[in-house]
Amino acid sequence: MKRRINKVAVIGSGIMGSGIACHFANIGVEVLLLDIVPRELNEKEKKKGLSLDDKVVRNRIVNDSLQESVKSKPSPIYHKDFVNRIETGNLEDDISKVSEADWIIEVVVERLDIKKQVFENLEKHRKPGTLITTNTSGIPINFMTDGRSDDFKKHFCGTHFFNPPRYLRLFEIIPGKETSEDVLEFLEMYGEKFLGKKSVLAKDTPAFIGNRIGIFSIMSLFHMVKDMGMTIEEVDKLTGPVIGRQKSATFRTVDVVGLDTLVHVANGLHENVPKDEQHDLFALPDFIGTMMENKWHGSKTGQGFYKKIKNEDGSSEIKSLDLDTMEYRDQKKASFATLEQTKSIDNVADRFEVLVKGKDKAGEFYRKTFSALFAYVSNRIPEISDELYKIDDAMKAGFGWEHGPFQIWDAIGVEKGIEMMKEQGYEPAAWVNEMLESGSDSFYTVKEGNTYYYNIDDKKQTKVPGQDAFIILDNIRESREVFKNSGVVVEDLGDGILNVEFRSKMNSIGGDVLDGINKAIDMAEKDYQGLVVANDGKNFSVGANIGMIFMMAVEQEYEELNMAIKYFQDTMMRMRYSAIPTVAAPHAMTLGGGCEMSLHADKVVAAAETYIGLVEFGVGVIPGGGGTKEMTVRAADTFQKDDVELNRLREHFLTIGMAKVSTSAHEAFDLNLLQKGKDIVVVNPDRQLAIAKKHALLMAENGYTKPIERKDIKVLGKQALGAFLVGTDQMAAGKYISEHDKKIANKLAYVMAGGDLSENQLVSEQYLLELEREAFLSLTGERKTLERLQHMLKKGKPLRN
């Protein structure tokens, strides 16, 4: 039977339950969210004269929980309208509705007795064959199915989402003793393809994979920090972006997640893994005990390792906890010579070898922490997983590590890692030495674009399963390269499709990137069928290289700047008007010039987590790479007979003028930065490039013809210009915007109105591009604009145009 998920029932509406419900709504699934009935009225209900029998009271817990979740930041929902896909109810009046569900997910409190009671009630209404899973983070799966039917047990397992479910991609699947293989295979597929997750099949061991390794890593640091006499600022400096981890690093992350949450899992591990060789590390250090007694749990209680205080003058500052005195103090700047040596190394994987060789406290820290981590993960096989890649997958998807433990070990060198471990008093598991003896000198290899891992049972490199749906640029960059310069690599994706991959710093768009795009289009038009623009950077592109623009403006090299902007515009127009189909595959931050790139592609295949917008106003200019022109065109295309055309144009004007950035790809449709019926959204970023390639190939095979440049764009002239100028005058008079902002807005208005034409008129794209370029150039000569550009450069943000 072909299993399809049309409706999901989520039992329990707490932070996790509501988050899971929202994520299923994100992908278009109908959701039933149920929770318990309140046992007493609250004060508001008493004042209204309500009773415990009223539906609004009986559904109060579930409705309040869902609304609180939807209002939280960052949002659990892709688009505000998607919450309408969630029906709420309670476990007494509405439990029979679970018979309509294709999958029931239990997310109630972590108590075995309560879970078993819930499952007993659910089985009375669940239809045979329905998936039923638990989101437990640690209770053994097999304990939960006592007394349940064979059909229940066959379709039951653990499905552990990480919080927040929208953003953290780890989806651990934990089979029970009687779980059907078909069910496990389906869930692995569904997690990857539909939920956008990294599905990891885990064993039914305490804390499974992600939390077992993640909590060990954090507890190891907790015990080490005082032994090494380090401050929390120093640890956060060493465990953040420099090693490919979140900016919040260790202690800030614990504050956000909640110290009480971490302690709960650590205590569970300390109790349930008595034979773990690092069992004592899961015991809480004294300073953690003190923090728990004081209820310094982090953000939720107002203080943790960091504390935000307000000064008498109204300003606020962040204080840090001194782990020796247990008092808050001014933050101390952390700096290390070893980190200075890595500043010129863009590729994080290349930094590890340098970091562990450091002669200062940072080097010692890395040698100690990585040695402990390597020993621990090697000894967890086969306890928590038979395959090493699953541990790496879990840490990357669940904890936001750019590289998993075995990948870091590979980057340092397996043999060098062992030497380092022995110096620190650690030994790897026996299988690591057996791997080296077998002739494999690394945990991973790449062959013909595919990743292979060392299979411990077979003692050989084995292809990591599930890659057929992916194109991994790291694996093909060297073997498939057809062109390269300082800004891009052009790869042959096969089947006649090329890919332009940005490789500039922060994927900024400068002359080298534009040269690469033009070269790729030339090559594609001559010998290939289509072109994709995609990369696997942290962000797709945060814009043009403002450093270059700033220097030209300061030197008043306006002729050169005019040529540079025209080259950008011409390149964007080539994206739109070439003889081959072009597909942009944006993800994460896609701002300024990165947004303009997407606007001019024939099709956009956007990752769901795409934050796209034209943000040039922030640096004192208007979009100058075709963005202003394109939003004017898109506004005109929405004009309808008997419509108030000015209102449509104003919406697009405000999108630029307010520098609006979508909080998801779905929200970008509202801003007309993505277009319904043309552009699509992909939930799993690992699949994005392969899907973009398929669409480029499909357009080519359907007979792609070079489009004709447009000359039919309706502009409103003085009608729009006058209205916009009145609006900016009022905004400036009311002190809502500065005089400089008014000047920028007026320039934008002039372009989007099509100039001061006396009446509505049809114009060409080139006409609008010339107006756009003229306005952009005039603004770069403004002192205030130069000051903003300089400020951004000083802050280390030389992009976002």
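Start inside the protein: the count comes to one cavity of 30 Å³ or more. Keep in mind as you go that this is a predicted model.

**Stop 1: the cavity**

The largest cavity holds about 120 Å³ of space. To centre your view on it, select Ser 217, Leu 221, Arg 245, Thr 369 and Phe 370, which are the closest to its centre among the 13 residues of the lining. Now show helix 8 (210-227) and helix 15 (361-379) as ribbons, since each supplies at least two lining residues. Helix 15 gives the largest share, with five residues. Colour the lining by residue type and you should find eight nonpolar residues, four polar ones and one charged one.

**Stop 2: aromatic pairs**

Next, display the side chains of Phe, Tyr and Trp. The structure holds 33 aromatic pairs. Begin with Phe 24 and Tyr 190, whose ring centres are 6.5 Å apart and whose planes meet at 20°. Because planes under 30 degrees apart count as stacked, this pair of Phe 24 and Tyr 190 is a stacked one. Phe 24 belongs to helix 1 (residues 15-26) and Tyr 190 to helix 7 (residues 181-193), so the contact ties together parts that are 166 residues apart in sequence. Both Phe 24 and Tyr 190 are buried.

For a contrasting geometry, go to Phe 222 and Phe 287. Here the arrangement is edge-to-face, with 5.9 Å from centre to centre and 75° between the planes. This pair also links distant parts of the chain: Phe 222 sits in helix 8 and Phe 287 in helix 12 (residues 286-293), 65 residues apart. Are these two rings buried or exposed? Phe 222 has 1% relative accessibility and counts as buried, and Phe 287 is buried too, with a relative accessible area of 4%.

Then select Phe 352, Phe 365, Tyr 366, Phe 370, Phe 374, Phe 406, Trp 409, Trp 431, Phe 443 and Tyr 454 together: ring pairs link them into a cluster. You have met Phe 370 already, as one of the residues closest to the centre of the largest cavity.

**Stop 3: charges over rings**

Two side chains are worth a look here. Select Tyr 376 and Arg 380: the arginine lies over the face of the tyrosine, 4.4 Å from the ring centre. Then move to Tyr 452, where the charged end of Lys 447 sits over the ring at 4.8 Å from its centre.

**Stop 4: two faces of helix 18**

Select helix 18 (residues 414-423) and look along its axis. Which of its residues are buried? They are Val 414, Gly 417, Ile 418, Met 420 and Met 421. Seen down the axis, the buried residues of helix 18 fall within an arc of 165°, so they line one face of the helix. The spacing follows a familiar pattern: an α-helix has 3.6 residues a turn, so residues three or four places apart point the same way. Now turn to the face of helix 18 that points away from the buried side, where you will find the exposed residues Glu 415 and Glu 423.

**Stop 5: backbone details**

Switch to the backbone for this part. Most residues other than glycine have a negative phi, and most peptide bonds are trans. The next four places depart from that.

- Asn 163 to Pro 164: this peptide bond is cis, with omega near 0°. Pro 164 lies in the loop between strand 6 (156-161) and strand 7 (170-175).
- Ile 381 to Pro 382: this bond is also cis, with omega near 10°. Look for Pro 382 in the loop between helix 15 and helix 16 (388-399).
- Met 506: its phi is positive, about 60°, although the residue is not a glycine. Met 506 is in the loop between strand 17 (497-502) and helix 21 (511-527), and at 44% relative accessibility it counts as partly exposed.
- Lys 735: phi is near 65°, again positive in a residue other than glycine. Lys 735 is in the loop between helix 29 (718-733) and helix 30 (739-752), and with 74% relative accessibility it counts as exposed.

**Last stop: a pocket**

Finish at the second largest pocket, where about 420 Å³ of space lies. Select Gly 138, Ile 139, His 264, Gly 268 and Asn 272, the closest to the pocket's centre of its 18 lining residues. Which helix gives the most to this lining? Helix 11 (residues 259-272) does, with seven residues. By type, the lining of the second largest pocket divides into eight nonpolar, seven polar and three charged residues.

Definitions and conventions: Residues numbered from 1 in each chain as written. Predicted model: local features only at pLDDT ≥ 70, side-chain atom pairs only at ≥ 80, totals over all residues. Heavy atoms only, no water. 1 Å grid on protein atoms, 1.4 Å probe; cavity = no way out; pocket = protein on both sides within 12 Å on 5 of 7 lines; lining within 4 Å. Points joined across faces, edges and corners; volume = space filled by probe spheres on them. Helix = DSSP H or I, 4+ residues; strand = E, 2+ residues; numbered from the N terminus. Nonpolar A, V, L, I, M, F, W, Y, C, P; charged D, E, K, R; others polar. Phe/Tyr/Trp six-rings, centres within 6.5 Å; stacked < 30°, edge-to-face > 60°. Buried < 20%, exposed > 50% of the residue type's maximum accessible area, 1.4 Å probe, protein only. Lys NZ or Arg CZ within 6 Å of the ring centre and 35° of its normal. Arc of directions from axis to C-beta.
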